[in-house]
Amino acid sequence: MKTHRQSAISQGTSLRLATRPWLISTGEYGGSGPPGKTRGPSRRRSAIFILGAIFCVTLSVGTQDKISISSRISTILAKFPAESGRDRDLFAAEIVAMGPEGMREIIGRLAAPGEDDDTLARFATDAAAVYVARAGAEAERLPFVKELLRALDEPRDAEIKSFLIGQLQLAGKGEIVKPLAKLLTDPKLGGPAARALTVVRSAEAEIVLIKALDVAPTENRESLIQALGEMRSLAAVKKISPYASGPDERLRTAALAALANIGDPASQSVLERTAVTASPYGRAKAASLYLLFAQRLRDSGNKDLSEKICREFLKNYALPGESQVRASALTLLAGILGPGIFDVLLEAMDSPDGKFRQRALELADLVPGETATARWIEKSARAGAEARADIIAMLGRRGDQSALPAVRHAILSEDKAVRLAAVGAASRLAGDEVFDEVWPLMPTDDEDQVAAVRQAFSFFSPDKVTAKAAEMLPGSPPHARVALIEILAERQAKERAGLILAEAGSENPAVRKAALESLEKLVRLDDAPLLVDLLLSNAAAPEIVLIQNALVASTGQIADPEMRADAILAALNKAPASKRPDLMRPLARIGGERALGWVVMETKSPDAQCQTAALSTLANWMAADALDELFQSARAAPDRKTRYLALRGITRLAGGEPFSAERKISLLKEALEIAAEANEKNLVISALADVRTPESLALLARFLDDPALQVKAAQAIVKSALPAPGVEGLAGFETAVILKRALLFLDNDYDRDEAEKYARTLLFKEGFAYLFNGKDLSGWKGLVADPPARARMKPDESARAQREADALMRQHWKVIDGALAFDGQGHSLCTLQDYGDFEMFVDWKIQEKGDSGIYLRGSPQVQIWDQTQSPDGSGGLYNNKINPSKPLVRADRPVGEWNTFYIRMAGERVTVYLNGVLVDDVVMENYWERDKPIYPAGQIELQSHNTPLYFKNLYLRVRPQR
C-alpha cells in the first residue's frame, strides 16, 4: 500500500546528523565535495553550518536530559505491577533516587478518567508512597510529599487530585495538615482530604476538621464526621451530636457511627434510644453500634457502664436471628468480668439458642479448675438434652479428669445426642480406660452412632482396635461392618485379610464393595489363588476391577518375578473363553516372560474377545520387554484398531522407561514411520512432549505444518519446553522461536499466556527487551511528517509538531487487554528511539480489508493486509521497486486471528518470518530518497490507515551495526 506520509501531521524529531553523514559531504547543507576539500565561500558556508550544528546540539542538551528522565521512567513503569513487595520496593527506590524530577515526570503521566490509561503511573506513585513511608526514610519522604503538594496546587482534574491526596494519606505527616485544610470545603476533594487527615491524628488535624464542620457544604459534612469519629475526637462530640438526631439520614448514620467509635459517656442516651426504637430492619445495625460504644467505654476504663450495656443486650436481644448480637455482648462482658463471668455462662445453658450456648461454652476456659468443672456437671444434670450434650462435649475438650465419672455415666444415656457426646468426651479424657464401655455401641445400624464410635476409636490403642474390629465384624449390622472393614484397611491389618475376603462375598452391596476396596491394602502373597477364584466367580465389571487390583497387589509380594503370574496362568489353561479376558488384563501389571508369551499367543486367538483383550493387555504392558512384540504387532496390524493399540503401548513404554533421551527419540521416530492416521501420530507427539530435549522439540515443530496435527503439536511443544515442578524448562533462542510459533495454535488462553511468558523470558535472556510494555504508551510517540521533512524542522517547530502528534496519538491508540489498539483514525505510532540493525518479534491482527505495515528505520514497509484482498499475503517489502516486493509464500492466518512477525534488519537486508515461515530476505530500498540507500538508523513505526489494528508482544534486540 502506498504511504500516506504526505498527509501526516507535520511534527518531529529531526534525523540525527550522526546518522546522516552524507548530508554534509553531498553539499545538501552547503558542502561542495568530500570533507577536507572545500574552497572559498564554500569553506565559510561549512563553518557557518558547523557553528549552527554546535548551537543546535547545545540547545538540545536540556531536551536530551528530559528525554533521558522520560526514558528512564518509562523503563521503570514497564516493570509494574511488581510481583512481590520486595520488587515493588526496588522499583520504588529507583524512582525516589531520581529526585523530584522523576516524580514530576510520573505525575505528569496521570490522566483524567477516559483520557488515557495511566495504570502504571498510579502503580508507581503508590509504590513510591509506600516506600518513603517506611521507618528511617524521612530524607526521602519529605521531598516526595512536597512534590505531591506542589502537584496538588496546580490546575488538574479533580480525580487526579483525589488520587494524589490518597498518596499523601500514605506518606504524609504534619506537613500536609494546612494544605489539605484548604480543601475540606471543596465538594469533590473534601472527602479525600478528610480521610488523609485522619492518618495524621494530630491535635492540629483535629482542630481543622472540627472548624471545617461549621463551614463545609452539606455534602462534605458526612466525610468530616466520619474522619472525626475515626480519630475518636472527644472534642468533636458536641459538634457531632446534633446530627445524630437530625433529618438528614446520611449525616445521622455517620454521626451515630462516629459517636459510637468515640465512646464518650455523654453519647449513651442517643445510642441507646436508637437501639431501642430501631425498626426490625435497622435493629441489628443499631445494636452493633451500641456494642461498639460499649467496647470503647471498656477501652477507656469505664467498665461499669460497659457492663451495664452488655447485660441489657443479654436480656433484650433474644429474638430468632439475634444469636450473633448476644454472643458478641457475652464475649465483651467476659472481657470485662474475667472469671466473674461464670454465673452468666451457666445461665446461658438455659437458652434455647444453640449458637449462643456454644459461644458460652467456648468461653468456659476463662474459669478453670475442678470447682468450676463440678458446677458444669451439676448444670448438665438439670439442663435439657441438647444443652446437656453440649456441656458434656465441652467437658471432653476441657480435659479435666474430675469430669470423667459423670461423662462415663452419660454413655448409658437413653438420649442419643447425650450418649454420642459422652462417647467422644470419655474417649478424649480416658482413652483405653473406657474402651470396653465404648466398643459395644459399634454393632448397630445407626449411622450417627457408628460414626461417633469410629471417631472414638482414634483415641484407643491400635492393637486393641484391630483385634476388637476383627472380633465384631462377622456378626455386626451392615453399617457397622462397613466401618469395621474400613478400620482394618486403614490400619493395614493384613493378618485379617481372610475375614475381608469372606466379606467380599457378602450379599449386602455396601459391605461387599467396602471389602473389595480394602483387599488391595490387606492381601498377602498366599491369597492369589483365592483371588483368582473370586475373579472367576464374579461378573460385575466394577467389582472385577477391584479384584484385579487386589490380585496385582498379592502377586507383587512374590519374590521371583517369573513366578508371580503362576496362579493366573494355571487358571487360564482351564478357564472358559468368556473369563480369560478378566484373567489376562492383570498380567500387564504383573509381567514376566512366560506371561508375555501367553499374551502374545492370545493375540492370534480365534476368539475375538480374547484377541482384543490380549492386544489391550500387550498395549498396557508395564515392562520394556514387550517393545519388540508391540513393534511387530504394529507393522503387521490387519486393521487400524490393532495398529493404534500397539502404537499406544510403544509410545507409553518409550516415554516412560528409563531410556536415554536419544533412545527414546529413536524409538518414537520408528513408531512415527508406522503411524498412518492422525490419531496414531498424536500418540507419538504426546510421547515426544515428555522427552524434553531440543531435538525432541525440533521434531515436534515439524508437525505445526500439518493442520490435522498442529493443535496437538502445539500443546506438546508447550509441555516440552516450559518448566514444571522439579523439571527445568528448555532454554535458548530456538526454543523461544518454536514457542512463538506454537502458541498461535493453542486454543486455551491460559496455555497461550504461559507460553508467551516463557518465550519472552527466554528472549530477554538472549538480549531482547520490550518495545511495547503491554501496559501503556511509554516509549512511543505520534507521527511527524517523513524523515527528510523532520530533518528540515527547527527545534521549536519540531517540538510543537510532536506535541500535536502525541495528542492525536493518545486519541486513537489505546492499550486494551495488553495490546496496542488503533481505532481506524489518526496516524501511525512511532518508537521514541531510533534503531539501526535489530531483530524484533511482533504479533498483529487486522479486521476485514485491514491494511497496515511495519516501517523500518522510518521507511516503508513490511506489508500487512487482508489476504482475501491481496492474495500475495503479508510480509513483503511493498515499496521496493528494484528488489523483490512480494513475499515468497503466503503464510497469513485468517483475518481476525493473531499473526507473528519475526523481522531481522542487518545493514540494508531485511529478513521476515511470518508465523514461522520465511517470506522475505531482500534488500530494503529508501522510499523517501530513491537515490540513497536505506538510512543507517530510524524509528520503527506501526503504520495506520483507516481500519482498526492490533499489535502486542513486541520485543526487540539491537544487533551490532554493520
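These are short exercises on a predicted protein model, each with a worked solution.

**Conventions**

Residues count from 1 along each chain as its sequence is written. Because the model is predicted, local features need pLDDT of at least 70, side-chain atom pairs count only at pLDDT 80 or more, and totals for chains, interfaces and linings use all residues, while side-chain values use heavy atoms and leave out hydrogens and water.

**Exercise 1. State the mean pLDDT of the protein and find the stretch where pLDDT stays under 50.**

Step 1. pLDDT is the predictor's confidence in each residue, from 0 to 100. Its mean over the protein is 90. A value of 70 or more is reached by 93% of the residues.

Step 2. Residues 1-67 stay under 50. For this stretch the model has 99 contacts beyond four places in sequence. Contact means heavy atoms within 4.5 Å.

**Exercise 2. Describe how helices H37 and H38 pack.**

Step 1. Locate them. H37 covers residues 627-635 and H38 covers residues 640-656. Helices are DSSP runs of H or I with at least four residues, strands are runs of E with at least two, and both are numbered from the N terminus.

Step 2. Choose the descriptors. Two packed helices are described by the angle between their axes and the distance between the axes. Axes are lines fitted to C-alpha atoms, for helices over the stretch in contact, and angles run from 0 to 180 degrees between N-to-C directions.

Step 3. Read the values. The angle is about 150°, and the axes are 8 Å apart. H37 and H38 are therefore roughly antiparallel (under 35 degrees is roughly parallel, over 145 roughly antiparallel, 65 to 115 roughly perpendicular, the rest oblique).

Step 4. Add the handedness. H37 passes H38 in a left-handed crossing (the near helix is turned anticlockwise from the far one by less than a right angle; clockwise would be right-handed).

Step 5. List the residues that meet. H37 contributes Leu627, Leu630, Phe631, Ser633 and Ala634. On the H38 side, the partners include Ala646, Leu647, Ile650 and Leu653.

**Exercise 3. Find the cis peptide bonds at proline 81 and glutamine 861, and place these residues.**

Step 1. Recall the background. Most residues other than glycine have a negative phi, and most peptide bonds are trans.

Step 2. Phenylalanine 80 and proline 81 are joined by a cis bond with omega about -5°. Proline 81 sits in the loop between helix H2 (40-77) and helix H3 (85-97).

Step 3. The bond from proline 860 to glutamine 861 is also cis, with omega near -25°. Glutamine 861 belongs to strand S8 (residues 859-865).

**Exercise 4. Give phi for arginine 692 and aspartate 817.**

Step 1. Arginine 692 is not a glycine, yet its phi is positive, about 60°. Its loop runs between helix H40 (678-689) and helix H41 (694-701). Valine 727 is 35 residues away in sequence and 9.3 Å away in space, C-alpha to C-alpha.

Step 2. Aspartate 817 has a positive phi of about 50°. Its place is the loop between strand S3 (813-816) and S4.

**Exercise 5. Is each of aspartate 817, valine 727 and serine 828 buried, partly exposed or exposed?**

Step 1. Set the cut-offs. Buried means under 20% relative accessible area, exposed over 50%, partly exposed in between (1.4 Å probe, protein chains only).

Step 2. Apply them. Aspartate 817 is exposed at 80%. Valine 727 is partly exposed at 35%. Serine 828 is buried at 7%.

Step 3. Look around serine 828. Its contacts beyond four places in sequence include Lys781, Trp813 and Glu941.
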